[in-house]
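Reader: I should like a close look at a single part of this model, taken residue by residue and then set within the elements around it. Please state the cut-offs behind each term as it arises.

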Amino acid sequence: MKQALDGSPVFTASFTSFVRIFLPVLSFLILSGAFLSLLTLPRRKELFARFLKKDDGTSYPVNNLECLFGRSRSADICVRSGSVDRIHATLSGNGSGEWTVYDVDSKHGTFVNDREVTGESALHYGDSLRLGNVELLFQAVEPGEEAAVLRRRRVRVMPPWTALILLSVLQICLCIQLCIEKNAEAARTIVPVFAAYTALMWVYFLFMRLRRVRGFELEIIAFYLTSISLSVTTSCNWWHLKKQLYSIVFGILLMLFIGYLLRDLDTIRRVRWGMATVALALIACTLLLGSLKYGATNWINIRGISFQPSELAKLCYIFAGSATLDRLFRKRNLGLFIALSFCLMVGLAAMNDFGGAAVFFITFLVISFLRSGDFATLILFVGGAVSGGALILIAKPYIWARFSTWRHALENASAGGYQQARTLTAIASGGFLGTGPGGGFLKRVAAADTDLVFGMICEEWGLITAILAVLCIIVFSAFAIRSSLSCRSSFYMIAACSATSMIVFQTALNIFGCTDLLPLTGVTFPFVSDGGSSMLLSWGLLAFLKAADARPGASFVFRQSDRAQRKRLRGIVPTGSGDAETVMASDIDNSEESADDPDSDGS
């Protein structure tokens, strides 16, 4: 019974034709502004404090909450002296005017007010910091200068309202089209779910805007991709719609919770190895209680609800693997991280979840390189992984069977290459505009809404929209790379890059597996594939990207630090002279008002 909304076949055909043309145009209008804003991210540094060299008055600005001292060019504060090591010491702040110096096993020592630093020491404005024979005076920034820096850092952030309205129109069109394609019983679920999703989206943006958050480009892309997810879920299994909506709600809450943890570097240091313990516990519970599904024992069923703990373990893994600058040069931490990675990947291999193990391994390589910069060690890791993979292929014949059909899916369309052959046919039949949401045939193939979801996008939404969905992931990675250059802490930089690598690699495995460029691994498309665990992971990873966004007011992760900075401008935090200097209140208030105005160009 195809005409759930209207009995006229003419109406059905006309509306479907309209949607096929309108959806790519609407998708482009929704995403273009967010793409442009994220790809043109300005690199304007903050200014937290300053060091003055006593002998010649050379000024060294502190542009991050974490700085590396040394004579190396890569050091944040490069001090050219024979008594200064290439990597001598680190400086860490919490955004509220409290700073700590860490000595990195330097040969000539680090001294605060002529007291040698053994491990770490607090550093206050006005203190003397000596690196070997070089003495630096730590000073607070003058309020007027810091206010000028804040004004220069104001950037134009894309107002979200136009994209929100267009997203709402997109969801209305999807709702009508899917109700037409399905029966009346399905329509009774489709309409309230899409209405609730649209309301959820508006509530999120309004709540964040009331908290003076202005940067929503990442969320706009995420909500667009999850709209496609709801469409795909409806097309394949409309009775999963409520479950997918709940997953989106809990995913957003998880993103906010992770963002709350990321607000404070001290909290991050305390929870890092607790997160490692949780990751190991999740994998251990799955090994003991997991049930076999789709060839892997990585599912746990509790009263009819199945989920993959390994997806949440990925979030904990990023927390444990990323490191603040003071921990970055401690070999013990790197050794523990390697041991953690080995245990997790062995556990996933024991579950036959080799796609998940591959995602962990790529993330491990990214984190290891960012922490050490050692290509030779990484090559050894890759060589060991290739050898281990060869042994697995010998020990697991069914995996070798997948490789035997790789690049020969069409020749084995009735056997091992059935899913990929049908997916390639669906991609070809969709053309540029697609058959319309709910109108494809790939939905009848197993795992069409999960492992083969890229084929469903191409078939029902068209090649143009599929390319836009891939561009969303590419823009995520470009944003992470650009924003990492101005991150306040090495933890945020490593976490954002590793989270992005996880998103990008999962997307690549999904797309290349569908199109027979790689063996089918059973890895989902982030934000798009049907599945609660995958959706929770996707929104959780988005929190690490938000933490890398250092634009004023653009990220809810740093709202507290921005307030502390403005308090410092009003003279609440004493300067180096010990006096609480003040600045014109009207100047600072005008600066804040312009920074919070979504229509301000900030030029």
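**A loop glycine and the strands around it**

Author: G109 is buried, with a relative accessible area of 7%. Buried here means under 20% relative accessible area, exposed over 50% and partly exposed in between, with a 1.4 Å probe and protein chains only. The model is a predicted one, in which local features need pLDDT of at least 70 and side-chain atom pairs count only at pLDDT 80 or more, while totals for chains, interfaces and linings use all residues. Residues are numbered from 1 along each chain as its sequence is written, and side-chain values use heavy atoms, with hydrogens and water left out.

The position of G109 is in the loop that links β6 (99-103) to β7 (110-112). Helices (H or I, at least four residues) and strands (E, at least two) are DSSP runs numbered from the N terminus. Apart from neighbours within four places in sequence, G109 contacts H88, D103, E116, R130, L131 and G132; contact means heavy atoms within 4.5 Å. R130 is 21 residues away from G109 along the chain, and their C-alpha atoms are 8.3 Å apart.

Several of these contacts lead into the strands that flank the loop. Two strands pair if DSSP finds at least two bridges between them. β7 and β8 are antiparallel partners with 2 bridges, and F111 has E116 as its bridge partner in β8. On β10 (residues 128-131), β7 has an antiparallel partner joined to it by 3 bridges, and there F111 stands opposite R130. E116 and R130 thus recur, since both are also among the contacts of G109.

From β10 the pairing continues to β11 (residues 134-140), again in the antiparallel sense, over 4 bridges; L129 has L136 as its bridge partner in β11. The hairpin of β10 and β11 has 2 residues between the strands, and G132 takes a positive phi near 65 degrees in it. G132 is one of the residues in contact with G109.

These strands belong to an open, antiparallel sheet of 6 strands, ordered β2-β1-β11-β10-β7-β8. The edges are β2 (59-62) and β8 (115-116); each has a single partner strand, so one side of each lacks a neighbour in the sheet.

On the other side of the loop, β6 is joined to β5 by 5 bridges in an antiparallel arrangement. G93 is paired with W99 of β6. Their hairpin has 5 residues between the strands, and G95 has a positive phi near 85 degrees there. β5 (residues 89-93) also pairs with β3 (residues 66-70), antiparallel and over 4 bridges, and L68 has T90 of β5 as its bridge partner.

β5 is mostly covered, with 5 of its 5 residues buried. In a regular strand the side chains alternate between the two faces of the sheet. In β5, A89, L91 and G93 point one way and T90 and S92 the other, and all are buried.

Cysteines can be considered next. A disulfide is a covalent bond between the sulfur atoms of two cysteines. With the criterion of a pair of cysteine sulfur atoms within 2.5 Å, the structure holds 0 disulfides. C67 is buried at 2% relative accessible area, and C236 also counts as buried, at 13%.

Burial extends well beyond these strands. The largest nonpolar core has 161 residues, and those with the most contacts inside it are F51, I221, Y224, L262, W539 and F544. Such a core is a set of buried Ala, Val, Leu, Ile, Met, Phe, Trp, Tyr and Cys residues joined through side-chain atoms within 4.5 Å. Beyond its neighbours within four places in sequence, I221 contacts L31, A34, F35, L38, C472, V475 and F476.

A helix offers a further example of a covered element: in α17, 20 of the 25 residues are buried. The expected span of a helix is 1.5 Å times one less than its number of residues. For α17 (residues 490-514) this gives 36 Å, and because its end C-alpha atoms are 36 Å apart, the two values agree. Just after α17, D516 has a positive phi of about 70 degrees. Q506 lies in α17 and counts as buried at 3% relative accessibility. Not counting residues up to four places away in sequence, Q506 touches K314, V359, V523, T524, P526 and L537.
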